[in-house]
Amino acid sequence: IFKILEFCIVLVVLLIARFGNEGHIIGWCTGDSLTFLGIGCTVGFAIIVPAIILTYLLGATPSILEFIINLIGGILFISMGSTLISCYSNIHNIVGGLSIALGIVFLVDFVYLCITTRFTIIQTTRTVRA
């Protein structure tokens, strides 16, 4: 359920960022760093989250990589949202607020995975014949 919610919010953020400025891309405030952060986060996670949903549909279980993706996604989207809120227009505030909400969803998903997932370590030994 968290992944579907994440996908919906990522898609909304991506579409608003792409078409929200009267059909044009929104300006990512000042500086190239925020532009790379905003576009990179939204496009990257618009690809990653559906891929994770697809692996669940194919019967996979959570991996350590998903923990890392959720933690990084939470940090990136909260940082992107907090910098966008400091911009000057309403569209930036909307995208910033949605990004912060998305970052919180990623962090809640991370905590949920930490609580519910149990990993087993399988140790094998090899014997070497001389």
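## Two cysteines and how they sit

Let's start with C41, which counts as buried because its relative accessibility is 3%, below the 20% cut-off for that class. C114 is another story: at 38% relative accessibility, C114 counts as partly exposed. What is the count of disulfides here? It comes to 0. Please keep in mind as you read on that this is a predicted model.

## The overall plan of the chain

How many helices and strands does the chain have? Its secondary structure comes to 4 helices and 0 strands. Walking from the N terminus, you meet the elements in the order α-α-α-α.

Now step back and look at the outline. Along its principal axes, the C-alpha trace spans about 70 × 30 × 25 Å. The radius of gyration of the chain is 18 Å, whereas a compact globule of 130 residues would have one near 14 Å. As for burial, 31% of the 130 residues count as buried.

## Helices α1 and α2

Helix α1 covers residues 2-19 and helix α2 covers residues 32-57. L15 is a good residue to find in α1. Is L15 buried or partly exposed? Its relative accessible area is 42%, so L15 is partly exposed. Try locating T42 as well: L15 and T42 lie 27 residues apart along the chain, and their C-alpha atoms are separated by 9.5 Å.

In helix α2 you can pick out L37. With a relative accessible area of 22%, L37 is partly exposed; the cut-off for buried is under 20%, so L37 does not fall in that class. From L37 to L102 there are 65 residues in sequence and 15 Å in space, C-alpha to C-alpha.

## Helix α3

Helix α3 takes in residues 64-85, which is 22 residues. Why should it span 32 Å? At 1.5 Å a residue, that is the span expected for its 22 residues, and the end C-alpha atoms are indeed 32 Å apart, which agrees.

You can also trace the buried residues of this helix. In α3 they are E66, F67, I69, N70, G73, G74, F77, M80, G81 and L84.

## Helix α4 and the segment after it

Helix α4 runs over residues 90-116. It has 27 residues and reaches 39 Å from its first C-alpha to its last, close to the 39 Å expected at 1.5 Å a residue. Which residues of α4 are buried? They are H92, V95, G96, S99, L102, G103, V105, F106, D109 and L113.

I115 also belongs to α4, but I115 is exposed, with a relative accessible area of 58%. Although I115 and T127 are 12 residues apart in sequence, they are 37 Å apart in space, C-alpha to C-alpha.

The segment after α4 holds T125. Its relative accessible area of 72% means that T125 is exposed, since the exposed class starts over 50%. T125 and Y56 are 69 residues apart in sequence and 32 Å apart in space, C-alpha to C-alpha.

## The largest pocket

The largest pocket holds about 180 Å³ of space. Its lining is made of I1, F2, K3, I4, I53, Y56, L57, P62, E66, D109, Y112 and L113. Which helices each supply at least two residues of this lining? They are α1, α2 and α4.

What kinds of residues line the pocket? There are 9 nonpolar, no polar and 3 charged residues. Some of the lining residues have come up before. Y56, the partner of T125 in the distance above, is one of them. E66 is on the lining too, and E66 is among the buried residues of α3. D109 and L113 also line the pocket, and both are among the buried residues of α4.

Note on methods:
Residues are numbered from 1 along each chain as its sequence is written. This is a predicted model: local features need pLDDT of at least 70, side-chain atom pairs count only at pLDDT 80 or more; totals for chains, interfaces and linings use all residues. Side-chain values use heavy atoms; hydrogens and water are left out. On a 1 Å grid over the protein atoms alone, a cavity is a set of points where a 1.4 Å probe fits but cannot get out, and a pocket is an open set with protein on both sides within 12 Å along at least five of seven lines; lining residues have an atom within 4 Å of a point. Grid points are joined across faces, edges and corners, and a volume is the space filled by probe spheres set on the points. Ala, Val, Leu, Ile, Met, Phe, Trp, Tyr, Cys and Pro count as nonpolar, Asp, Glu, Lys and Arg as charged, and the others, Gly among them, as polar. A disulfide is a pair of cysteine sulfur atoms within 2.5 Å. Buried means under 20% relative accessible area, exposed over 50%, partly exposed in between (1.4 Å probe, protein chains only). The expected span of a helix is 1.5 Å times one less than its number of residues. The radius of gyration is taken over C-alpha atoms; the globule rule is 2.2 Å times the number of residues to the power 0.38.
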